[in-house]
Amino acid sequence: MTKKTEKARAELHTHLGAAVHPSILWSIAHRQGIKLPSKNYWDFEEMITMGEGRKNKNLNDMHYHFYHWTELIQSSPEAIEESVKSVIGGGYRACNLVLQELRFNPMFRNRGGERDLDHIIMSALWGLQHALLEYPQVKAGIIVMMDRMFNYGMNEIILKKAIKYRHQGIVGIDVAGPERKNFSMKKHALLFEQARAAGLGITAHTGEAGSLEELRFVVREIRPHRVGHGIKCVEDAKLMAEIVEQGIVLETCPTSNLKNNVVKSLKELKNIYRTLLRHKVKFTINTDGPEMYRTNIRKEQELLVKNGILSPKQVDECTRWAFEATFIK
Ligand SMILES: [Zn+2]
């Protein structure tokens, strides 16, 4: 099969900080004069990607080791424009990704307030538009992320920016980051309500690791369109029924779950997917960040089929669900 006749694929859950090829980040870092810990490209590639056998102890581990560098390098208008453009074109060339939603947190791209958020967001949107001009077969949009490490006021600023740019390529809002004692999802429900009123798609990272309670709250009170990961719902049949009833679609990321020790084995992964299917919970297959996890959508689909987790027909169904659940209108 040539690349041209390869089947159409979709991805709804990719972090910009985990999606840009290391060689591109390497060049951007040099162009900006960023002092890197090594002068050797291969050390750099190893530092920001998870090669064979490399695993994180938990999600905190992942955050500190990998995102620090990629976010720092992407923290300028020029860098973010090039980054966004490269990911959309790259996905299309690598595995016929004709639908891509890419997410990032602008406040992790402004060097602690030194850079202007509007410039960062607009530059990301220019990168998006350039990519769409180069690859007119692709539909793409940006999800803006809030974070559990930020206080309510900071996340409110991010939400307001997402709303401001909703007609220029921002398609949704998300919250991410490892669990934090000070973070209250309850308090943030109001922000999600504002996002909904403004017509943005709503997703939230929850039910990945951590408490099932938060996932329950998100499903019942925030009522998002989709949930990032959400796989912990398999522990609660009633919750799965609510997810189905509300038409919430899960954004699952198999390799990421295995690499971050959220799912311990392929056997556990199989049980999760089987349970979701049995309870008719709709889900999509995603990378979470193809370059960091050294994967892509085709490889994720192959992993599931090769290990008898999903059939090729079920994989196609997931692709259909992704096309149905996209925030891109
Ligand atoms: Zn994610």
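**A walk from a buried methionine to a parallel sheet**

Met292 counts as buried because 25 C-beta neighbours lie inside 10 Å, and the cut-off for that label is 20 or more. Keep in mind that you are looking at a predicted model. Along the chain, Met292 sits in the loop between strand S9 (283-285) and helix H12 (297-306). Leaving aside residues up to four places away in sequence, Met292 touches Ala18, Ile48, Thr49, Met50 and Phe66.

From here, let us move to Gly141. Its C-alpha atom is separated from that of Met292 by 21 Å, with the two positions 151 residues apart along the chain. Residue ranges place us in strand S3 (139-147), which is touched by helix H6.

Now for the sheet itself. Five strands make up an open sheet with parallel pairing, in the order S1-S2-S3-S4-S5. At its edges are strand S1 (9-15) and strand S5 (201-202), each of which pairs on one side only. Helix H6 (residues 152-164) packs on this sheet, where it touches S3 and S4, and its direction makes about 160° with that of S3. S4 (residues 170-176) runs parallel to S5 and is joined to it by two bridges. In this pair, Gly172 stands opposite Gly201 of S5.

Our last stop is a pair of helices. The axes of H7 (residues 185-197) and H8 (residues 212-222) come within 11 Å and cross at roughly 30°, and the crossing is right-handed. H7 contributes Met185, Lys186, Ala189 and Phe192 to the contact, while H8 brings Glu214, Phe217, Val218, Glu221 and Ile222. By type, these residues divide into six nonpolar, three charged and no polar.

Methods:
Residues numbered from 1 in each chain as written. Predicted model: local features only at pLDDT ≥ 70, side-chain atom pairs only at ≥ 80, totals over all residues. Pairing = 2+ DSSP bridges. Helix = DSSP H or I, 4+ residues; strand = E, 2+ residues; numbered from the N terminus. Contact = placed C-beta atoms within 7 Å. Axes fitted to C-alpha atoms, helices over the stretch in contact; angles between N-to-C directions. Buried ≥ 20, exposed ≤ 12 C-beta atoms within 10 Å, placed from the backbone. Left-handed = near helix turned anticlockwise from the far one by under 90°. Nonpolar A, V, L, I, M, F, W, Y, C, P; charged D, E, K, R; others polar.
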